[in-house]
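Q: I have the sequence and the coordinates open beside me, and I would like to learn how to read contacts, burial and interfaces from them. Could we take one feature at a time?

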Amino acid sequence: MDTTRSLFLPPQGSTVASDVDALFGFIFWISLFFFVGVTALTVYFCIKYKRKDGKSETTPYIESMALEITWIVIPTILLMVIFVWGFQDFVRLHIVPANSMEIKVTGQKWFWSYNYEEGATGVGELVVPVGKPVKLLMSSKDVIHSFFVPAFRIKMDVLPNRYTITWFEATMTGEFEIYCTEFCGKGHSEMWGTVKVLPQDEFDKWLEAGSGPGEGESMKDYGARMFVKNACNTCHSLDGSKNVGPTFQGLFGRREVMSDGTAITVDENYIRESVLNPMAKQVAGFDPVMPTYQGILKDVDIDGLIAYIKSLEN
Amino acid sequence: MEHTIPEKHYLNEATGWKSWLMTLDHKRIGILYMIMVMFSFFLGGVFALLIRWELLSPDKILMGPEMYNQAFSLHGIIMIFLFIIPSIPAILGNFVMPLMIGAKDVAFPRLNLASWYIYVIGFCFAVYALFTGGIDTGWTFYTPYSSESTTAVIPILTAAFVLGFSSIFTGLNFIVTIHRLRAPGMTWFQLPLFVWAIYATALIQVLATPVLGITLALLMLERVVGIGIFDPAMGGDPVLFQHFFWFYSHPAVYIMILPGMGIISELIATFSHRRIFGYKFIAFSSLGIAFTGFLVWGHHMFVSGQSDLAAVIFSFLTFFVGIPSGIKILNWIATMYKGSISLDTPMLWALSFLILFSIGGFTGIVLGTLSIDVHLHDTYFVVSHFHYVMVGGTVMAIFGGLHYWWPKIWGRMYNETLARIAVVMIFVGFNITFFVQFIMGTQGMPRRYATYLPQFQGMHGFSSIGALIMGVGFLLIAIYLIYAIFKGKPAGPNPWRALTMEWETPSPPTAGNFEGQPILEHGPYDYDKVIPENALKPYKTI
């Protein structure tokens with residue numbers, strides 16, 4: 001039983017996971033039983049009643065209403081059991097416990113960002129405490145996305161014109177993948193993140209600490225971390241290749257032609273402006289799709305990114 | 001016994017390209033459809049292989065994400081709108097159904113030809129879109145992504161819109177034909193089950209397709225004129241689009257599978273030489289599926305933001321679609337009991353259908369279950385499930401049907417050995433391709449991903465090998481079937497010694513199908529009363 005589960009399903013990281021898996025197992029074994037039965041019968045008939053010597057007469061057949069009713073009623077009962085079971089778990093998946101902490105989740109092309117009630121923010125990595133129900137209040141800034149954490153067995157579409165809600169309670173610490181599962185264009189398959197589940201005390205520390213480089217970490221290394229954490233790498237390459245946005249290789253000090261024909265030299269202020277107000281001056285030849293990081297990145301984060309970009313010479 | 005090709009038949013009674021392009025003969029129109037639809041199948045298959053090639057590596061191989069998004073969108077759109085929806089009704093329904101009911105043609109031959117031309121126009125729009133920017137929305141055209149996409153959304157929507165009319169014309173034609181043109185003596189319960197299935201399909205085609213047309217027209221209006229219907233930026237609601245879209249596209253799933261089930265009923269009865277078990281249950285389960293199929297569209301939207309109550313009701317109703325499908329499978333197996341079973345190629349396709357469609361059905365139960373669908377929605381589990389139903393079901397039935405009626409259509413037999421090799425290749429290749437996708441899906445691999453996490457590479461690679469085997473298998477089928485048209489051994493009027501009326505005509509049939517109006521002399525499955533031979537027998541007429 002457990003080996004089947006681990007072949008098919010990811011680790012059980014939330015309170016609902018084991019219930020969902022139990023029902024999956026129930027349907028799996030019932031289906032396997034009937035599938036093997038049906039296949040075995042088919043094969044057996046093919047061998048036993050194989051046509052011999054071109055003789056093809058068959059006996060008159062007997063209709064059997066009893067048989068027909070049996071194979072209508074038994075599956076119907078089983079299906080109703082499955083429906084009710086699935087319904088009950090669905091209700092649990094959708095009723096948010098009253099003592100939940102709330103996190104605002106925003107989906108946009110092509111990253112996830114989070115706002116905590118306490119004021120902290122995050123991109124890509126969702127940090128939560130273990131053993132505490134977390135309510136996610138979600139919306140999108142552009143097209144439909146879908147927030148999926150396989151280890152928690154939760155998924156919910158994220159819409160541009162209303163809030164959708166899901167919740168989970170992590171049962172173990174660790175890092176778990178978040179995928180976007182509603183097709184959203186070029187960066188769809190790069191729109192993933194992680195849930196980082198921490199023990200409550202570490203989580204509290206994380207909430208208080210806010211941002212800034214860790215101990216002994218240079219601004220450049222901190223910027224490199226921000227580059228990945230904030231999903232800049234989804235659109236900006238480091239090796240000179242063209243992606244959705246301009247490459248960061250040799251960006252600092254480069255002369256760039258803007259979409260309105262003017263030319264500027266990339267300096268600290270241009271980078272800062274591009275992060276906070278990306279539509280103001282756009283490099284020619286790229287679509288205007290860069291989202292604003294206003295309210296997501298703090299000054300220290302932008303300082304780190306500038307230090308990092310400066311270090312990326314040709 | 002040596003057979004010969006009759007001197008005059010529908011293929012040579014008139015010659016020249018005009019005699020084909022202006023034909024009103026349902027058999028020739030069936031062949032016109034066969035050429036276009038099978039070419040579309042080839043195109044869609046090429047995109048499938050491109051997808052499987054790209055997925056050999058977690059990172060880019062030959063297509064960037066933009067190209068990949070186009071490839072899977074085109075694969076879906078071509079396979080669904082140009083191949084699988086028209087496939088069985090327009091090719092085999094057209095060719096065989098009037099013969100089966102003892103009619104000289106369909107009720108409206110000109111409408112029939114018009115439906116083919118409309119199909120060709122739709123096909124041209126799709127090809128035009130392919131060369132003017134392609135399409136990257138997926139076959140589902142979800143808003144607001146499709147409201148914003150810079151690819152050729154309008155031409156492709158026009159293509160789907162136009163193709164819908166072709167489908168409606170065919171459906172309308174078949175409903176009237178089945179009501180009005182049955183041979184004297186052929187009551188509703190003497191109809192071959194393929195005809196019942198085509199009838200149920202035609203009802204869905206006529207009732208559901210207009211909704212798709214309206215939805216696509218609204219989406220075009222939104223893009224061209226800027227009326228806010230689905231795009232929230234203009235005050236619309238994107239979930240409304242999903243409701244409209246699935247209101248057609250779920251019943252459309254039954255447009256795809258029901259005729260396939262009809263073919264399987266014929267194959268099982270013929271190759272078991274046994275009266276079909278539970279005739280009325282199979283016939284009414286087709287209507288049951290057609291009806292229930294209209295009430296379950298919301299099961300595509302359990303995590304879309306629709307109300308929880310709606311989700312619960314849709315889940316409840318979904319389980320009732322499973323029951324008629326189960327009835328059919330069990331009745332088919334019961335038909336084989338005490339039969340006289342011969343494992344000719346068409347029967348091998350039917351057995352493949354039984355096994356693969358069962359897996360498709362069981363995994364459908366998994367997906368219909370509310371709590372589990374939350375986890376599995378939009379993962380490879382769904383991809384695998386619908387390929388087990390559509391390829392493991394419908395495509396197995398199409399090829400079973402083509403092999404079954406090929407000697408009737410062309411008068412000649414294909415190479416049986418090659419045909420058996422091909423069916424085994426497709427069966428094995430299919431399972432290699434898609435079974436691992438169930439496991440990827442339950443482990444959380446989302447669909448429509450151009451790149452993926454390296455932990456899935458092994459399974460993706462395995463899957464791609466299966467796709468290659470299938471590709472070679474289909475190529476082999478194309479070769480020996482086309483060869484058989486010209487060089488195959490004459491098959492005789494009734495090579496499988498079946499009892500339905502199409503086998504009472506010569507192979508290939510004459511242009512008018514029958515000499516005079518035939519009268520039904522025995523039921524379609526009276527194998528316990530009549531022993532059919534592979535020879536022409538005079539039938540009673542009025």
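A: Let us begin with a single residue and its contacts, where contact means heavy atoms within 4.5 Å. Not counting residues up to four places away in sequence, B:S115 touches B:Y33, B:S166, B:F169 and B:T170. This is a predicted model, in which local features need pLDDT of at least 70 and side-chain atom pairs count only at pLDDT 80 or more, while totals for chains, interfaces and linings use all residues. Residues are numbered from 1 along each chain as its sequence is written, chains are lettered from A and ligands numbered from 1 in the order in which they are written, and side-chain values use heavy atoms, with hydrogens and water left out.

Q: Where does B:S115 lie, and is B:S115 buried or exposed?

A: Helices (H or I, at least four residues) and strands (E, at least two) are DSSP runs numbered from the N terminus, and B:S115 belongs to helix α4 (residues 109-131) of chain B. Buried means under 20% relative accessible area, exposed over 50%, and partly exposed in between, with a 1.4 Å probe and protein chains only; B:S115, at 0% relative accessibility, therefore counts as buried.

Q: How should I read B:H179, which is in helix α6 of chain B?

A: Helix α6 covers residues 153-180, and B:H179 counts as partly exposed because its relative accessibility is 39%. Leaving aside neighbours within four places in sequence, B:H179 is in contact with B:W188 and B:Y199, and B:Y199, although 20 residues away in sequence, has its C-alpha 9.3 Å from that of B:H179.

Q: What can be said of chain B as a whole, beginning with its secondary structure?

A: Chain B has 15 helices and two strands. The radius of gyration, taken over C-alpha atoms, can be set against the globule rule, 2.2 Å times the number of residues to the power 0.38; for chain B the value is 23 Å, close to the 24 Å given for 542 residues, so the chain is as compact as a globular protein of that length. Of those 542 residues, 68% count as buried, and among contacts between residues at least 6 apart in sequence, 82% join residues at least 24 apart.

Q: How many residues of each chain are in contact across the interface, and what area is buried there?

A: In chain A 77 residues are in contact with 89 residues of chain B. Buried area is the accessible area (1.4 Å probe) that two parts lose on being put together, summed over both; here it is about 7400 Å², of which carbon and sulfur atoms give 68%. In chain A, the residues that lose the most area to chain B are A:R51, A:Y61 and A:F183, together 10% of what that side buries.

Q: Which salt bridges should I look at, within a chain and between chains?

A: A salt bridge is a side-chain nitrogen of Lys or Arg within 4 Å of a carboxyl oxygen of Asp or Glu, and three are found across the interface of chain A and chain B. One joins A:K186 to B:E66 at 3.9 Å, N to O, and B:E148 meets A:K109 at 3.8 Å. Within chain A, A:D21 and A:R153 meet at 2.7 Å; A:D21 lies in helix α2 and A:R153 in the loop between β6 (145-149) and β7, so the pair ties together parts that are 132 residues apart in sequence.
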